[in-house]
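The following account leads the reader through a single model, from one exposed loop position to the sheet, its helices and its pockets. Please keep the sequence and the coordinates at hand while reading.

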Amino acid sequence: MPYLHIQISGPQDDALAQRVAETGTELTATLLGKNREHTAVVVEFIAPAHWFIAGRPLAGAPRRSYHWMVSITDETNTKREKADYLAAVHRAMDELLGGAAEHSYTHVADLRGSAYGFAGRTQEHRYQHG
């Protein structure tokens, strides 16, 4: 039941948002072993004048930046799986954006099963009650 929140610098682009959401769902399913049917993705575009690196806005920068956060249940993936996921995300976003800025970030948030869930039940409850 991962949740992905992906922010991208630049103007809103519905076609790009769709491709990013599809890519996020695919990478999360194949590399982290998460269920596609329970994967939620939000893609948000941030004006370059409102995205800052080293205190300077990205307005006029040659490359777009992104912040990709995926929330997963703690202890369900290894360090190697997460490292492979981070590398694959950056490769995919570099391709999708036509070059991603070095200052682009991916964050895998390992959340405790007792504090994370969906449909009103925690992941811990789902684990204990099958």
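With a relative accessibility of 64%, A54 counts as exposed, because the threshold for that class is over 50%. The model in which A54 is seen is a predicted one. A54 belongs to the loop between strand 3 and strand 4, the latter spanning 56-57. The backbone of A54 is also notable: phi is near 55 degrees, a positive value in a residue other than glycine.

A second position shows a comparable set of features. E75 is not a glycine, yet its phi is positive, at about 70 degrees. The loop between strand 5 and helix 2 holds E75, and the residue is exposed, with a relative accessible area of 72%.

Close to A54 in the sequence is F52, which forms part of strand 3 (residues 52-53). F52 is partly exposed, its relative accessible area being 49%. Between the C-alpha atoms of F52 and T23 there are 25 Å, the two residues being 29 positions apart along the chain.

The description now turns to the sheet. Its 4 strands are arranged in the order 2-1-5-6, the sheet is open, and the pairing is mixed. Strand 2 (40-46) and strand 6 (105-111) occupy the edges; each has a single partner strand, so one side of each is left without a neighbour in the sheet. On average, and with direction ignored, neighbouring strands of this sheet are turned by 15 degrees against each other.

Which senses of pairing make up this mixed arrangement? Strand 1 (residues 3-9) and strand 5 (residues 66-73) run antiparallel and are joined by 6 bridges. Within this pair, Y3 has S71 of strand 5 as its bridge partner, and Q7 stands opposite H67 of strand 5. Strand 5 pairs with strand 6 in the parallel sense, over 7 bridges. Here I72 has D110 in strand 6 as its bridge partner. Strand 5 is thus paired with strand 1 in the antiparallel sense and with strand 6 in the parallel sense.

Is strand 5 largely enclosed or largely open? Of its 8 residues, 6 are buried, so strand 5 is largely enclosed by the rest of the structure.

Two helices pack on the sheet, as the contacts of their residues also illustrate. Helix 1 (residues 14-32) touches strand 1, strand 2 and strand 5, and its direction makes about 135 degrees with that of strand 2. Helix 2 (residues 79-96) touches strand 1, strand 5 and strand 6, and its direction makes about 150 degrees with that of strand 5.

A17 offers a view of helix 1, in which it is placed. At 15% relative accessibility A17 counts as buried, because the limit for that class is under 20%. Leaving aside residues up to four places away in sequence, A17 touches V43 and F45. The C-alpha atoms of A17 and L96 are separated by 9.9 Å, although the two residues are 79 residues apart along the chain.

T106 gives a corresponding view of strand 6, where it lies. T106 is buried, with a relative accessible area of 19%. Residues up to four places away in sequence again being left out, T106 touches Y66, W68, L86 and V89.

The pockets complete the description. The largest pocket contains about 210 Å³ of space. Its lining consists of T73, D74, E75, T76, R112, G113, S114, Q123, E124 and Y127; by class, these residues divide into 1 nonpolar, 5 polar and 4 charged. Helix 3 (residues 123-129) gives the most to this lining, with 3 residues. E75, described above for its positive phi, is one of the lining residues.

For the second largest pocket the volume is about 160 Å³. The lining comprises 13 residues, of which M1, P2, K34, T73 and Q123 lie nearest the centre of the pocket. Strand 5 supplies the largest share of this lining, with 3 residues. By class, the lining of the second largest pocket divides into 5 nonpolar, 7 polar and 1 charged. T73 and Q123 are named in the lining of the largest pocket and also among the residues nearest the centre of the second largest pocket.

Technical notes
Residues numbered from 1 in each chain as written. Predicted model: local features only at pLDDT ≥ 70, side-chain atom pairs only at ≥ 80, totals over all residues. Heavy atoms only, no water. Pairing = 2+ DSSP bridges. Helix = DSSP H or I, 4+ residues; strand = E, 2+ residues; numbered from the N terminus. Axes fitted to C-alpha atoms, helices over the stretch in contact; angles between N-to-C directions. Contact = heavy atoms within 4.5 Å. Buried < 20%, exposed > 50% of the residue type's maximum accessible area, 1.4 Å probe, protein only. 1 Å grid on protein atoms, 1.4 Å probe; cavity = no way out; pocket = protein on both sides within 12 Å on 5 of 7 lines; lining within 4 Å. Points joined across faces, edges and corners; volume = space filled by probe spheres on them. Nonpolar A, V, L, I, M, F, W, Y, C, P; charged D, E, K, R; others polar.
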